Amino acid sequence: MSGFRTERDSMGEVQVPADAYYGAQTQRAVENFQISGNTLPPSLIHAMGQVKLAAAHANRDLGKLAGTGKNPLNETQIKALISSATEVAEGKYDDQFPIDVYQTGSGTSSNMNVNEVISNRAIEILGEDRFAPEKSVHPNDHVNMGQSTNDTFPTAIHVAVASSIHNHLIPGLEKFAASLAQKAKEWDQIIKIGRTHLADATPLRLGQEFGGFARQLELCVDRAKRAASAVYELPVGGTAVGSGINTHPEFGHRVSVELAKLTGIAFVEAANHFEANAQRDGLVECHAELKTIATTLFNVSNNIRWLGSGPRCGFYEVKIPDLQPGSSIMPGKVNPVMCESMMQASTRVMGNDQTMTMSGAAGGQFQLNIMMPLMGFAALESIHLLANSSNEFVRLCCDNMEPNKEACNAAVENSLSMVTSLNPHIGYEKASALAKKAFKSGKTIRELCTEQKILPEEVLKEALDPMSMTEPQA
């Protein structure tokens, strides 16, 4: 079938693509919101399917779907509703969700999109005409039973965000931390010069430097877990304004328990539904942790970029894998592309955090936040960028980096900061004068001390041993 079919809603008739599973309300939103060309992320659509599935289970168990109200469903119809919601949750109809991110701020258009698709697919499963004007499984009366967009859409955002963090971000960060820790172990005996203020400092081991990077990533894993925990409370059960009108008192709890079972994540019903409907502080808190993770990824990748600079006129203490030509004009030039990719992705996440902050602060008035589609989009984009850039950085860069021992050793011996270990023997003032003289003469600290017989040979050898400088002294 091609062309269009005529559908009707409370506002009248509308032309809908003939084969679409969605209906009139979705089509109106498609026509109204031609803004960015970006639709909601598939992970959020899948989470909305999970919410509808959990709601169907709760309403079935509470006897609401087969109750005495308008249009009760029989057992076969309830099974079709559950099967249809399951298919949406599994991503089988991702092409049926065309609404732009920049839509009604509650997400009503996307909620109705999901309701219409699940309704029509359930009707199709029953062997009936899904295009018939009378819906045996109704998008509002059955699929949306006991719900409002105002509580189920933010619930879906929480489910999508927490699931994405647990299933994608945390594993990616753990992999990154493990790769760095392995380099720290392998490179533990390689001495290099430290740098503070981008100026030469005292020696340390290359393994120690990468051990610091590894610890940064371990802390990122902890931050990701805290980010997920910030959205464990679910608004479902509050319906329109938090009062729970038109739903069963147990509905929110039952749906939360069901979502916890479906995802393996410790979701719970919100402690206060008025807070849960009106404010998105949990999402703001969640993204603040994501921003901190982005800060770390930017820092680590930028440090590795600096360490790999060269190969002849930079530090070149770490050899970064060559992945692609780096210049259209300079033959043989190779750039640290994975570092630059991660830095850009991290910067985008930092920008998203400003979006989340403003949406949380200014978007929540009285009983509803009206910036939710954007908040869901931004949070999920950030998680996607952080997870993917971590995985790709490990695969294409971190695992295959090699140390440049020669460059590390040369910089240590040539550094003026070697004089620091002489402080206990000759004092700060005399050591400072030695450093200045070494710099002016072009000689190393060791050469100058030997010439001037600053210390006995054995004492000098021990004092200027780079390895001993990498640990506290008794």
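What follows is a walk through this structure, from its overall form to a few individual residues. Please keep in mind that the model is predicted.

Let us begin with the chain as a whole. It contains 17 helices and 10 strands. If its 474 residues formed a compact globule, the radius of gyration would be near 23 Å, but the chain has 30 Å. The extents of the C-alpha trace along its principal axes are about 100 × 50 × 35 Å. Buried residues account for 52% of the 474 residues. If you take the contacts between residues at least 6 apart in sequence, 73% of them join residues at least 24 apart.

The surface comes next. About 21900 Å² of the chain is exposed, and carbon and sulfur atoms supply 52% of that area. As for charge, the chain carries 41 positive and 52 negative charges, and the mean positions of the two sets are 6 Å apart.

Now step inside. The largest nonpolar core has 108 residues, and those with the most contacts inside it are Val161, Ile165, Leu169, Phe176, Leu180, Phe210 and Ile304. Which helix gives the most to this core? It is helix H6, spanning residues 149-186, with 15 residues. Phe176 is a good place to pause and look around. Setting aside neighbours within four places in sequence, Phe176 is in contact with Leu217, Leu297, Val300, Met342, Ser390, Phe393, Val394 and Cys398. Apart from this core lies another one, of 20 residues, with Val412, Leu434, Ala438 and Cys449 among them.

Some residues elsewhere in the chain also deserve a visit. Val14 sits in strand E2, which covers residues 12-17. Is Val14 buried or exposed? Its relative accessible area is 8%, under the 20% cut-off, so Val14 counts as buried. Beyond its neighbours within four places in sequence, Val14 is in contact with Arg5, Thr6, Glu7, Ala24, Gln27, Arg28 and Glu31. One of these, Arg28, is 14 residues away from Val14 in sequence, with 7.5 Å between their C-alpha atoms.

Further along, helix H4 runs over residues 108-125 and includes Ser109. Ser109 has a relative accessibility of 12%, so this residue is buried too. Not counting residues up to four places away in sequence, Ser109 touches Ala29, Phe33, Ile99, Gln103 and Thr104.

Lys430 belongs to helix H15, residues 428-441. With a relative accessible area of 45%, Lys430 is partly exposed, because that value falls between the 20% and 50% cut-offs. Its C-alpha atom is separated by 9.8 Å from that of Val419, and the two residues are 11 apart along the chain.

Finally, the backbone holds some details to look for in the loops. Gly310 and Pro311 are joined by a cis peptide bond, with omega about 10°. Pro311 lies in the loop between helix H10 (281-307) and strand E7 (318-319).

Where is Leu198 found? Its place is the loop between strand E3 (191-196) and strand E4 (199-205). Phi of Leu198 is near 65°, a positive value in a residue other than glycine. Leu198 has a relative accessible area of 65%, over the 50% cut-off, and is therefore exposed.

Asn246 also has a positive phi, near 70°, and is likewise a residue other than glycine. You will find Asn246 in the loop between strand E5 (233-234) and helix H8 (251-263). At 72% relative accessibility, Asn246 counts as exposed.

Terms used
Residues are numbered from 1 along each chain as its sequence is written. This is a predicted model: local features need pLDDT of at least 70, side-chain atom pairs count only at pLDDT 80 or more; totals for chains, interfaces and linings use all residues. Side-chain values use heavy atoms; hydrogens and water are left out. Helices (H or I, at least four residues) and strands (E, at least two) are DSSP runs, numbered from the N terminus. The radius of gyration is taken over C-alpha atoms; the globule rule is 2.2 Å times the number of residues to the power 0.38. Buried means under 20% relative accessible area, exposed over 50%, partly exposed in between (1.4 Å probe, protein chains only). Contact means heavy atoms within 4.5 Å. Accessible areas come from the Shrake-Rupley method with a 1.4 Å probe; for residues, only the protein chains shown count as cover. Lys and Arg count as positive and Asp and Glu as negative; His and the chain ends are not counted. The place of a charge is taken as NZ of Lys, CZ of Arg, CG of Asp or CD of Glu. A nonpolar core is a set of buried Ala, Val, Leu, Ile, Met, Phe, Trp, Tyr and Cys residues joined through side-chain atoms within 4.5 Å.
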